[in-house]
Amino acid sequence: MDQARHLVLTAEGRVRLVWRLLLWFGISAFVGGVMGVLVSSWGLVATASGTLLGAWVAGAVTLSLDGRGPGAMGFYLSRSVPREASSGLALGVGLAVGVVGVLTLSGGLAWSRDPGTLGGWFGAGLGSLALLAIPAASEEALLRGYPLQALTEAWGPVWGLAFTSLAFGALHLANPGVTMIGAGTTAAAGLFLGAVYLRTGSLWWSTAVHLGWNWGIGFLADLPVSGLELIDAPLIAGSVHGPAWLSGGSFGPEGSVVALAGFASAAAVCWWGPWLGPEPSAMACDPLAPIGAVGLDRTVPASGPNA
């Protein structure tokens, strides 16, 4: 009996990391799977809503094992949320515009006119923001929610960021037109988004950055997002030219070495730069992971990776 207890609990009586992650995965898969079956015919947003609900419920349950509320995952209610979301959106859009600009100057992208009106363009822009918001939130809750926190708390940020970034890349391996560069770029995007979360403690921040990138590529540039043609923006049409390693090919800009370099650089700037710091609202929720510390030399806690 003591041996079985030792396998499940630490000496302090805490459920070990492996069991907490398995519990999180089981609840997330069950709730998300049930919701997916119920709403699969309703489209992308409905399916993503099921994934988001599953990840949130699983995070709330596993966080409760450590006496924390669901807000510790990073989706909390606070007056600071509009500021966090708008700042993250600007960061994501800015990175997308920068990458598209470099691709255009290097000859990897070209533009032509498309039918439409200015009013239609603004309406489509708002609609596409709403369309892309839930999928972005679901992926952030799935990877930058409880898993990144728990792994970072136990093993430090190197392993936490590495595991969740590789998982983020793996999630996109089945997308149309994916290449090795595309898979590497999505993993680098996971590193960037993870750095934003670990500096701020806010899933509002990382979700808005994620949304801003997808919206900037899919709507403003009218290009595929991770191989998916999600939006047909009025007035302009983008097309790729030249080798796929430069233009991204049918996978879109995320298949380009330019985006790979952009995400890697943005991750470094966000992690080591002075521009991001812990959000007071996030810290008030007492997240599991150490939030805001700069550098990757944090040591593994004395209780080790099975904490």
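**Exercise 1. Determine whether Cys270 is buried or exposed, and place Cys285 on the scale that is used here.**

Cys270, at 9% relative accessibility, counts as buried, where buried means under 20% relative accessible area, exposed over 50% and partly exposed in between, with a 1.4 Å probe and protein chains only. Cys285, at 23% relative accessibility, counts as partly exposed. As a further step, a search of the whole structure for disulfides (pairs of cysteine sulfur atoms within 2.5 Å) finds 0.

The model is predicted, so that local features need a pLDDT of at least 70 and side-chain atom pairs count only at pLDDT 80 or more, while totals for chains, interfaces and linings use all residues. Residues are numbered from 1 along each chain as its sequence is written, and side-chain values use heavy atoms, with hydrogens and water left out.

**Exercise 2. State what average pLDDT the protein chain has, and describe residues 297-306.**

The average pLDDT (the predictor's confidence in each residue, from 0 to 100) is 89 for the protein chain, and 93% of the residues score at least 70. Over residues 297-306 the pLDDT is below 50, and this stretch has 16 contacts in the model beyond near neighbours in sequence, a contact being heavy atoms within 4.5 Å.

**Exercise 3. Locate Asp222 and Ser226, and describe their phi values.**

Asp222 is found in the loop between helix 8 (203-220) and strand 2 (236-240), helices (H or I, at least four residues) and strands (E, at least two) being DSSP runs numbered from the N terminus. Although Asp222 is not a glycine, its phi is positive, at about 55 degrees, and the residue is buried, with a relative accessible area of 9%. Ser226 lies in the loop between helix 8 and strand 2; its phi is near 50 degrees, a positive value in a residue other than glycine, and Ser226 is buried at a relative accessible area of 6%.
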